[in-house]
Amino acid sequence: MMRSHPGAEHPLLAGPILRRVEPTRVVLWLAMAQPWPIRLILRTASQPEMMFLLDPQSPQLHHIQAGAHLHIMLIDVALPQSLPRDCWIDYRLEVQYEPNGPWQDLTQHCPDMCYPGREMLGFKIPSKVQGVWHGSCRKPHHDSADGLVIADTLMQRMVQEQSHADLSSWPAMLVLSGDQIYGDDVAGPMLRAIHALIEVLNLPNEVLQASEIPSVDSAQQLYQHTDSYYGRTHLLPRDRVNRSLKETLFGGVRKPIFTTETAENHLITLGEYLTMYLLVWSPVVWTFIQPEMPTGLSASNQALYQEEQRIIDQFVEGLPQVQRLLAHLPVAMIFDDHDITDDWNLHRAWEETVYEHPFSRRMIGNGLLAYLVCQGWGNHPDAFPHQMVDPLTQLFQQPGDGSYDDYITQLLHFESWEYTWPTEPPLVVIDTRTRRWRSERAAQQPSGLLDWEAIGDLQHRLRGQDAVLLVSPAPIYGVKLIETIQKIFTWLGKPLMVDAENWMAHPGTAEAILNVFMHRKTPQHFVILSGDVHYSFMYDVELRGRVGGPDIWQITSSGLRNEFPKKLLATLDTLNRWLYAPRSPLNWFTRRRRMRIIPRKPEGHADGRRVLNGAGIGLVELDEAGRPWRVRQFVSAEKGIPFERMEHHSRWQ
């Protein structure tokens with residue numbers, strides 16, 4: 001099942017992930033087996049080498065111990081001299097295993113982390129953003145290509161074809177707009193690997209005081225339970241609800257709290273969420289474990305496990321390239337629902353049910369804690385003060401006690417997950433999950449993706465900008481027919497059946513976000529980067545009756561390793577083109593009637609299709625004014641599919 005714990009032979013568990021770079025600041029995330037001293041070296045062709053000695057007591061190295069052999073670190077270095085823009089900057093991380101001992105390059109344990117011909121890791125700080133990789137929805141056991149592997153293959157080709165000093169086409173960043181992990185949809189072999197890695201890293205045994213499962217009051221008892229694999233729907237909490245006369249007469253029924261249809265292996269504990277991040281980002285941790293199929297599975301689950309194992313093995317083969325990509329590009333991240341659980345905060349009834357039950361509240365808290373230390377922390381370190389981060393080491397040593405649950409309560413009310421990067425144009429990332437506009441009229445009506453206060457904050461962040469890269473996990477301008485279907489199911493009281501989470505689902509949010517674009521001080525150029533939907537498309541958006549903008553482009557790339565059912569999407573796309581043709585009266589019943597939505601056509605689709613279905617990654621290239629001059633979706637390293645502008649605006653939606 002496992003090997004000996006990691007040590008000096010493999011000090012690096014995950015990373016380094018380049019999180020944020022500015023001329024006077026470098027932020028890196030990594031996970032290590034022990035908190036050894038680290039030395040960061042920065043080298044350019046035009047400046048003297050800069051060196052920073054970092055140990056756990058250094059104010060520029062923030063350290064959280066999550067287990068005996070899991071130390072999560074954020075390097076946040078303020079530079080005494082500004083780094084140059086538009087040129088290559090080498091960097092190296094070195095570790096000192098013994099006091100006064102030699103310093104050793106961390107990449108020696110991962111020989112493929114540097115690109116061919118390079119001896120050091122590196123990055124660029126562009127004066128203007130010229131290119132952005134972006135994508136979302138990376139499910140390890142989806143049988144498809146991995147968009148991050150595709151991007152790394154293209155980056156390697158770029159390194160080999162261009163000079164060290166040039167690399168003029170090097171993208172400015174990688175934007176991951178949600179579902180970096182799937183906490184609610186986990187393959188059996190992945191869950192088995194998670195439990196093996198928890199044992200290797202010797203993570204603390206979480207107390208599950210709120211569990212309703214007989215004889216299960218700790219994480220270790222959960223892992224050994226007969227329903228731990230492919231049976232967690234029987235272990236997850238259920239709630240007594242009364243939503244009909246029949247249910248009231250018979251005393252109510254017990255209904256699942258979590259709405260996902262793939263909860264058989266839903267993550268529950270803090271250790272499970274933390275180790276899944278390591279397993280989807282790092283090839284190293286897979287070398288510590290040798291997970292085997294658990295005993296006691298049914299014949300059908302054994303067959304499913306073997307099929308999932310084939311796909312997971314393929315996924316792991318690409319992780320060295322994923323590790324390399326994340327070490328060379330600043331990575332901007334934001335959560336969507338699957339980072340925590342499906343339908344997270346979909347509507348007020350969901351929130352009241354989930355957060356009032358102590359066990360489901362703990363599960364959400366565990367997922368959000370893991371997001372904090374693995375994703376959110378590096379996006380905007382200034383948003384997480386010492387008094388918020390410093391207690392985590394102590395809390396992680398005894399997860400589940402009273403102080404742990406108190407911290408979760410505070411975290412659930414935290415409202416600073418959004419952030420802005422000072423690039424040119426600026427990257428503005430919004431949180432569409434925790435600051436929702438809840439319906440006061442009906443508890444089961446979908447919540448707005450931002451409440452009025454959050455939209456006001458967004459408008460303030462946009463003011464004075466000429467152009468902006470706006471990251472919204474869900475597309476602001478989606479496929480109208482699909483949104484209409486979601487609205488119909490919402491009228492029928494079944495929003496959970498169709499994942500009714502779009503910007504137009506809540507009238508207050510819809511009106512407010514559209515008014516942001518129509519405000520007289522709004523940016524002239526909006527590039528909206530989205531994911532979530534498991535297909536890709538691009539729209540040009542114009543305001544009816546207004547000359548001179550703003551210019552809006554909705555660019556959606558999804559998924560990195562996920563896809564929409566092919567036949568269903570083809571049918572919906574065709575019906576959408578017919579029902580919402582230019583002269584269709586249905587257009588005037590939409591909330592976007594003041595705008596013209598002009599779809600672009602994916603190259604090579606002679607049937608008129610407007611959406612592209614295929615796992616991969618998007619690349620947006622911008623001109624000097626921040627306008628997209630070329631947008632491609634790469635479904636393989638050899639095939640970049642451009643979205644072509646229509647010659648005639650005869651296909652307005």
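In the predicted model, helix α2 (residues 188-201) packs against helix α5 at an angle of about 105 degrees, and the two axes lie 9 Å apart. Because angles of 65 to 115 degrees count as roughly perpendicular, α2 is roughly perpendicular to α5. On the α2 side the contact is formed by M190, L191, A193, I194, H195, L197, I198 and L201. Their counterparts in α5 are G271, E272, T275, M276, L278, L279 and V280. Divided by class, the residues in this contact of α2 with α5 are 11 nonpolar, three polar and one charged.

Helix α2 also packs against helix α6 (residues 299-317), here with an angle of about 70 degrees and an axis separation of 7 Å. The helices α2 and α6 are therefore roughly perpendicular to each other as well. From α2, the residues G188, P189, M190 and R192 take part, and from α6 the residues Y305, E308, Q309, I312 and F315. The contact of α2 with α6 comprises five nonpolar, two polar and two charged residues. M190 belongs to the α2 residues that meet α5 and also to those that meet α6.

An open sheet of four strands is arranged in the order β1-β2-β6-β5, and its pairing is antiparallel. Its edges are formed by β1 (12-22) and β5 (61-67), each of which pairs on one side only. On average, neighbouring strands of this sheet are turned by 10 degrees against each other, direction ignored. Strand β5 is joined to β6 (residues 70-78) by six bridges, and these two strands run antiparallel. Within this pair, G67 is placed opposite L70 of β6. Two helices pack on the sheet. Helix α5 (residues 270-281) touches β1, β2 (25-32), β5 and β6, and its direction makes about 105 degrees with that of β2. Helix α9 (residues 358-379) likewise touches β1, β2, β5 and β6, with its direction at about 20 degrees to that of β1. Helix α5 thus has contacts with the sheet in addition to its contact with α2.

Strands β3 (residues 38-43) and β4 are paired in the antiparallel sense over five bridges. They form a hairpin, with six residues between the two strands. I41 of β3 stands opposite M51 in β4. In a regular strand the side chains alternate between the two faces of the sheet. For β4 (residues 50-54), M50, F52 and L54 make up a covered face, while M51 and L53 make up an uncovered one. The residue opposite I41, M51, is therefore on the uncovered face of β4.

A further antiparallel pair consists of strand β19 (residues 537-543) and β21, joined by five bridges. The bridge partner of L543 in β21 is M595. Four of the five residues of β21 (residues 595-599) are buried, so this strand is largely enclosed by the rest of the structure.

W437 is located in the loop between β16 (427-429) and α13 (452-462). With a relative accessible area of 25%, W437 is partly exposed, because this class covers values between 20% and 50%. Beyond its neighbours within four places in sequence, W437 is in contact with S447, G448, L450, D451 and W452. The list of contacts of W437 also includes H506, G508, T509 and A512. The C-alpha atoms of W437 and L450 are separated by 5.6 Å, although these residues are 13 residues apart along the chain.

No disulfides are present in the structure. C114 is in no disulfide, and the nearest cysteine sulfur, that of C110, is 9.8 Å away. A disulfide would require the sulfur atoms to be within 2.5 Å. The relative accessible area of C114 is 12%, and this residue is buried.

For the protein as a whole, the secondary structure comes to 16 helices and 25 strands. Of its 653 residues, 62% are buried. Among contacts between residues at least 6 apart in sequence, 76% join residues at least 24 apart.

How values were computed: Residues numbered from 1 in each chain as written. Predicted model: local features only at pLDDT ≥ 70, side-chain atom pairs only at ≥ 80, totals over all residues. Heavy atoms only, no water. Pairing = 2+ DSSP bridges. Axes fitted to C-alpha atoms, helices over the stretch in contact; angles between N-to-C directions. Contact = heavy atoms within 4.5 Å. Buried < 20%, exposed > 50% of the residue type's maximum accessible area, 1.4 Å probe, protein only. Parallel < 35°, antiparallel > 145°, perpendicular 65-115°, else oblique. Nonpolar A, V, L, I, M, F, W, Y, C, P; charged D, E, K, R; others polar.
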